[in-house]
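Have the model open in your viewer and the sequence beside it. We will go from the whole chain to its core, then to one helix and the ligand.

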Amino acid sequence: MHIIFETPRLLLRQFTETDAPLLLQLNSDPAVVKYVHELPLVTEEQAMNIIVNIILPQYKNELGRWAMHKKDNMEFIGWCGLKHLPEKDEIDLGYRLLKKEWGKGFASEAAQHTLEYGFNKLNLSLITGKAHKKNIASLKILEKLGMNFIREEIEDTCPIRVYTITNQKPLA
Ligand SMILES: CC(C)(COP(=O)(O)OP(=O)(O)OC[C@H]1O[C@@H](n2cnc3c(N)ncnc32)[C@H](O)[C@@H]1OP(=O)(O)O)[C@@H](O)C(=O)NCCC(=O)NCCS
């Protein structure tokens, strides 16, 4: 298992090709994909396509979306991570959880440690976060992380709010 980091309650690791059933479980829930401009997945083959064509290629330079497990029982609960968006050369913070795990602070905990990992381990200078205007839980997380609201824009026909945060490390 390629572990990226642990938080008090969570372990984050790279996805592998054997994770299609877990990704299907997550992305087949219409509530989970409601604000992310995706259709719910129906088959394990679709999940495998996402792993092979979207998730695994992101693992260059230690970036990517990482599978998230609760440390107490190693149950899979979703993903969090940093994705390089080549069209804007941005590093995007993202998170997605099984609905039964919402409201327990897991996304905030994972996102906070993901920012620390990006700044302290990967030495990134700027991280972006985006959420649909109506995705209150996600917007709240971006604001709690101390990210700064930059602008509203339309992405894939969706009205989104864009936030950024810079590496605050003192200059040497
Ligand atoms: C967005 C998502 C990851 C949040 O996960 P979560 O574990 O429930 O988030 P947290 O518990 O860490 O924090 C959410 C915060 O939003 C608040 N919140 C959630 N829903 C809310 C609502 N409808 N109105 C107001 N506040 C709300 C929570 O109270 C919490 O704030 P607090 O820490 O001050 O109590 C989860 O809802 C999800 O997976 N959604 C589907 C995928 C998605 O939309 N991902 C983000 C794409 S930008």
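**A walk through the fold**

The protein chain has five helices and eight strands. Bear in mind that this is a predicted model. If you read along the sequence, the elements follow the pattern β-β-α-α-α-β-β-β-α-β-α-β-β.

How does the chain fill space? Taken along the principal axes, its C-alpha atoms occupy a box of roughly 45 × 35 × 30 Å. The radius of gyration is 15 Å, and a compact globule of 172 residues would have one near 16 Å, so the protein chain agrees with that expectation. Of these 172 residues, 29% count as buried. Look at the contacts next: among those with a separation of 6 or more, 52% join residues 24 or more positions apart.

Now let us step inside. The largest nonpolar core has 29 residues, and those with the most contacts inside it are Met-68, Cys-80, Ala-107, Ala-110 and Ala-111. At least two residues of this core come from each of β2 (10–14), β3 (64–70), β4 (76–85), β5, α4, β6, α5 and β8. Which element gives the most to this core? It is α4, with five residues. Ala-107 is a good place to pause: leaving aside residues up to four places away in sequence, Ala-107 touches Cys-80, Tyr-95, Leu-97 and Ile-141. There is also a second, separate core of seven residues, including Ala-20, Leu-24, Leu-26 and Val-32.

Another residue to find is Tyr-117, which lies in helix α4. Is Tyr-117 buried or exposed? It counts as partly exposed, because it has 18 C-beta neighbours inside 10 Å, while a buried residue needs 20 or more. Not counting residues up to four places away in sequence, Tyr-117 touches Ile-4, Phe-5 and Leu-122. For a sense of distance, try Gln-58: its C-alpha atom is separated by 16 Å from that of Tyr-117, and the two residues are 59 residues apart along the chain.

Next, turn to α5. Here Ser-138, Leu-139, Ile-141 and Leu-142 are buried. These four cover an arc of only 155° around the axis, so they sit on the same side of α5. On the other side of α5 you will find Ile-136 and Lys-144, which are exposed. What do the buried residues of α5 pack against? Their partners are α4, β6 (126–132) and β8 (158–166). After α5 comes Gly-146, which has a positive phi, near 85°.

That brings us to the ligand. It is surrounded by 20 residues, and the closest are Trp-102, Ala-107, Ser-108, Ala-137 and Lys-140. Two or more residues of this shell come from each of β5 (90–97), α4 (106–121) and α5 (136–144). With five residues, α5 gives the most to the shell. Sorted by class, the shell holds 12 nonpolar, five polar and three charged residues.

Before you close the viewer, look at Ala-107 once more. Ala-107 is among the residues with the most contacts inside the largest nonpolar core, and Ala-107 is also one of the residues closest to the ligand. The helix α5 can be revisited in a similar way: α5 supplies at least two residues of that core, and α5 gives five residues to the shell around the ligand.

Key: Residues are numbered from 1 along each chain as its sequence is written. This is a predicted model: local features need pLDDT of at least 70, side-chain atom pairs count only at pLDDT 80 or more; totals for chains, interfaces and linings use all residues. A residue is near a molecule or strand if its C-beta atom, placed from the backbone, lies within 6 Å of it. Ala, Val, Leu, Ile, Met, Phe, Trp, Tyr, Cys and Pro count as nonpolar, Asp, Glu, Lys and Arg as charged, and the others, Gly among them, as polar. A residue is buried if 20 or more other C-beta atoms lie within 10 Å of its own, exposed if 12 or fewer, and partly exposed in between; C-beta atoms are placed from the backbone. Two residues are in contact if their C-beta atoms, placed from the backbone, lie within 7 Å. The arc is that of the directions from the helix axis to the C-beta atoms. The radius of gyration is taken over C-alpha atoms; the globule rule is 2.2 Å times the number of residues to the power 0.38. A nonpolar core is a set of buried Ala, Val, Leu, Ile, Met, Phe, Trp, Tyr and Cys residues joined through C-beta atoms within 7 Å.
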